[in-house]
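Me: I'm new to reading structures, and I'd like a close look at one part of this one. Could you walk me through a single residue and then its surroundings?

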Amino acid sequence: MITIDRRVQTKCSVLGRHKQVFIDMNETVHHQGSFFGRRKGHKLRAHQADLVDNLLPHLALDIELPAPETLAELFDTPVEAVRFEIGFGGGEHLIAEALAHPEIGFIGAEPYVNGMAKILARIEDQNIRNIRLFAGDAAELMAWLPARALKRIDLIHPDPWPKRRHWKRRFVQDSMIGAMARALIDGGEFRFVSDIDSYNAWTLAHLLRAPEFDWTAERADDWRKPWSGYTMTRYGRKAEREGRRASYLRFRRIAA
Ligand SMILES: C[S@@+](CC[C@H](N)C(=O)[O-])C[C@H]1O[C@@H](n2cnc3c(N)ncnc32)[C@H](O)[C@@H]1O
């Protein structure tokens, strides 16, 4: 991949605001933070583009504004608690959870515009009221959230960055664990799913040394099998087809 060595000003149209970014020849966008992937894939169909232009602004969180005191205020339907899914991809898991738990508000972060277009189509089709979206880096959103605001954070099949020299790009880092500890309520959970053994070991090692979290597993099946009600995602199905078994790690935020 060739990266042009110059800063350009470009418009992040889904958020309607300007950001300093690096752009390469393939339109891969890198900015300083925790996102190191593609923001764009194939061209959106007309209806998808319309949803991004017209539905997303109603559902998108604007982190330029101050965060509300309680996250329930973000939803126009009453919610008892709020959960966050990082990098929801096509949104299969987030949609299933939002439908199964109408009493919970869900926030999903996904910088990949084609994933955003997919979830918007599902939200429109099924008239889902309890999802809010952020079309950017989950780390930025997490820094914006009030402290002790989330009941659960899900990170499902994150980009694995298997090469040692890329490990620093993994979403799970000590700093991010600190950010999650700040954002979760006491007893809240961070749930992690990956089919990449080295990332599972990495996550376990990082969380086990974090004083704010307990690993909840009591027996092997607690991490070898998905929790009840888990919805398999596209990346999960791909891993199964290719013969890789996922691990399902759950960590509880210890009371401060
Ligand atoms: C391997 S895909 C998995 C998608 C989905 N969770 C699934 O299981 O099908 C990883 C996703 O995380 C998103 N992602 C990567 N870094 C992110 C970040 N810092 N904040 C939010 N999303 C991110 C990518 O755009 C990509 O869609």
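Reply: Happy to! Let's start with E110, which is buried because 25 other C-beta atoms lie within 10 Å, and a count of 20 or more is what makes a residue buried. Please keep in mind that this is a predicted model.

Where along the chain does E110 sit? E110 belongs to the loop between β5 and α3 (113–125). Leaving aside residues up to four places away in sequence, E110 touches G87, F88, G89, G115, M116 and A135. Two of these names come back when we turn to the ligand: G87 and G89 are among the residues that come nearest to it, along with A138, H157 and T233.

Now look at what UniProt says. An unreviewed entry there gives the feature "binding site" to E85, E110, D137 and D159. These positions span 75 residues in sequence, yet no two of their C-alpha atoms are more than 14.1 Å apart, so they gather at one spot. D159 makes a nice contrast with E110: D159 counts as partly exposed because it has 17 C-beta neighbours inside 10 Å, whereas E110 is buried. D159 is also found in a loop, the one between β7 and α5 (174–183).

Next, follow the strands. E110's loop begins after β5, and strand β5 (residues 104–109) runs parallel to β4, with six bridges joining the two. Between these strands comes a helix to trace: β4, helix α2 (residues 92–100) and β5 together make a right-handed β-α-β unit. Strand β4 (residues 81–86) is mostly covered, with five of its six residues buried. β4 also pairs with strand β7 (residues 150–156), again in parallel, through four bridges. A good residue to click on here is F84, whose bridge partner in β5 is I107. In β7, F84 stands opposite I153. As you look along a strand, remember that in a regular strand the side chains alternate between the two faces of the sheet.

Finally, what kinds of residues form the shell around the ligand? There are 25 residues around the ligand, and they divide into 12 nonpolar, nine polar and four charged. Helices take part too: α4 (138–144) and α8 (234–241) each supply at least two residues of that shell. The largest share, three residues, comes from α8.

Notes
Residues numbered from 1 in each chain as written. Predicted model: local features only at pLDDT ≥ 70, side-chain atom pairs only at ≥ 80, totals over all residues. Near = placed C-beta within 6 Å. Nonpolar A, V, L, I, M, F, W, Y, C, P; charged D, E, K, R; others polar. Buried ≥ 20, exposed ≤ 12 C-beta atoms within 10 Å, placed from the backbone. Pairing = 2+ DSSP bridges. Right-handed = clockwise from strand over helix to strand, strands pointing away. UniProt positions renumbered as here; feature names shortened; annotations may be inferred. Contact = placed C-beta atoms within 7 Å.
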